[in-house]
Amino acid sequence: MPDRIQEDKSLDITCCSGLLLKRMLVAGGRWLSLHRGLLNELNVFPVPDGDTGTNLSLTVRGALSTLAAFRADESVSQVATAAARGALMGARGNSGVIMSQILHGFANGLDGLDNAQVRDLAKALRCASEFAYKAVQEPREGTILTVIRTMAEKAESMASDVTDLVEFLTQITNTARKTLLSCYEELPILREAGVVDAGGLGLVYLYEGMLKIAQGEQLTDIHDVQEYTERLALPGHDALEADIKFGYCTEFLVHGTDLTPEKVLPILQTLGDSIVLAKTQDILKVHIHTNDVDAVEKVVTAGCTRFKRKIENMREQNKRRLEHYKQDITPAQYQASTSEFRGELEIIEPPSAQAVKNSGLPPMAAIVSGDGFCEYLNAWGIVIIPGGQTTNPSTQEILDAIRAAHEKSSVSRPVTVFCNNSNCIAAVKQAISLSDIPAQAIETVCPSQMVSLLRQPKAYGDLAGYTAKLSHGEITQAVRDASIQGHSVLKGDYMAIWNKKLVSVDDTIESAVHNLLDNQNLPDASRLVVVAGAECDPNQAEGILMKISEAFPGIKVEFLWGGQPHYPILVTLE
């Protein structure tokens, strides 16, 4: 069964692997996030505070951060469970908590499966619907709940007849679209405003992105409201006027608690509305609109080991939205200008064959180690020269790679060789001088520089010149006691190195990464490529990505599992 996105769109995909599910969820989250401005504008239920797109995007970002470090052999059950956990931890707002429960139910339906067929996905959607309805204390039709329910019903109705994954996703996504456009009149506030439910539309975007990647399409940025959404109206000024009974949107993430939703619900119902409760293992997620935050805290944190809370003043949010509306500033504009959303997490995926063909890049070879690196570079058609730190390749190995790159390429251009280590530059230049095939060296000294170059089409015309603009950092572990650049280093310490300068010595990988970046002058528009190595486990990678997002919200983070030895983390900053 295939476990990759198929380039041949005529080839049926009848089985979903963990890798394919990961890629679909990543694409769905990205597609949703690209539409967050529109979702903010449509947001009038349950309160017109204009943040549904923001909340959903942050929720799926939490889901994707847990998937970033997953390798190719993970099962669908492991991928779905990780996404559900991440979504719960990152869930924001009424819609975000419901979305986290949709993912939680979906994971429950796939429990124990290595791969999933259409009938398994149909069962998972039914569980997703049940979990979502159970989490909301006063379910309202015409919302995201209606959309997920009708998707589940459609999935079950065709599970015995349809085996092709793309056809399955096409039909349930079309069902979601039709439901959204036909059911909004069931809820008076939506009917009066003339808009669909923003949360429901967010779910549609999630599945649209999943469908696109399953079909082999590439996601691109959007500039206009697309496809069927052109039929959607935006709320008028009157629809945004609201008498908000409970003013504080309050959320708690409570760890180590014996409390259940059933125990706390009766008390919470006396303290507010819009209650959404979710429990997984020893973590309780609480969402409530209230006027007495302290009273809610006392109830939901009793006996817990620790908790985290978030409070937003919805009256102020609504007031600010009205003021912006009068100035013709839409949520799509002002949300995009906040630091919170200048930073994004993108998981680097191998390029499509068509993207490589259209790139116009020369034949290439690269010195690199690590399964993830090799998989990514193979997709680019790059000839791999095994080596790097402590294992420098010979001149002959580099000569052989130059010839192999030349022979496999249909482009009559000099072969480009990425050095990727300062100790390899001399050997590459020596090989080029001896070669009868034209070649050039790109003096990258860190493999993440090469990834950054390949991810930036504007660099293709001058790879060597563009390399000079890239700063790079490395985290490595000391193998003996030493004194380096004025630092006392003990065996086992983690060293944070920026452009070959030792900037800190730390006990953990996480603190080393933080100190590495904290010592740099990072502009708001920074683009940071992060590559995790073999010594960085998935939980560490997840924590590092979350800390980068929190500490440096202006950075766009692009993540690759490289699997390289000796360097748990490599980074390149543009």
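This report describes salt bridges in a predicted model.

Side chains of opposite charge can pair when their charged atoms come close. In this structure, the count of salt bridges comes to 13. Three of the pairs are listed below with their N to O distances.

| Salt bridge | Closest N and O atoms |
|---|---|
| Arg126 and Glu156 | 2.9 Å |
| Glu297 and Arg309 | 2.5 Å |
| Asp436 and Arg403 | 2.9 Å |

The salt bridge between Arg126 and Glu156 links distant parts of the chain, 30 residues apart. Arg126 belongs to helix α6 (residues 118-135), whereas Glu156 belongs to helix α7 (residues 144-158). Glu156 has a relative accessible area of 39% and is therefore partly exposed.

Glu297 and Arg309 also form a salt bridge. Because Glu297 is in helix α13 (residues 293-300) and Arg309 is in strand β4 (residues 306-313), this pair ties together parts that are 12 residues apart in sequence. Arg309 is partly exposed, its relative accessible area being 38%.

A further salt bridge joins Asp436 to Arg403. Asp436 lies in the loop between α20 (425-434) and β9 (439-442), and Arg403 lies in helix α19 (residues 395-408), so parts 33 residues apart in sequence are tied together by the pair. With a relative accessibility of 62%, Asp436 counts as exposed, because the cut-off for that class is over 50%. Its partner Arg403, at 37% relative accessibility, counts as partly exposed.

Salt bridges also occur in a network, which links Glu141, Arg149 and Glu153.

Key: Residues are numbered from 1 along each chain as its sequence is written. This is a predicted model: local features need pLDDT of at least 70, side-chain atom pairs count only at pLDDT 80 or more; totals for chains, interfaces and linings use all residues. Side-chain values use heavy atoms; hydrogens and water are left out. A salt bridge is a side-chain nitrogen of Lys or Arg within 4 Å of a carboxyl oxygen of Asp or Glu. Helices (H or I, at least four residues) and strands (E, at least two) are DSSP runs, numbered from the N terminus. Buried means under 20% relative accessible area, exposed over 50%, partly exposed in between (1.4 Å probe, protein chains only).
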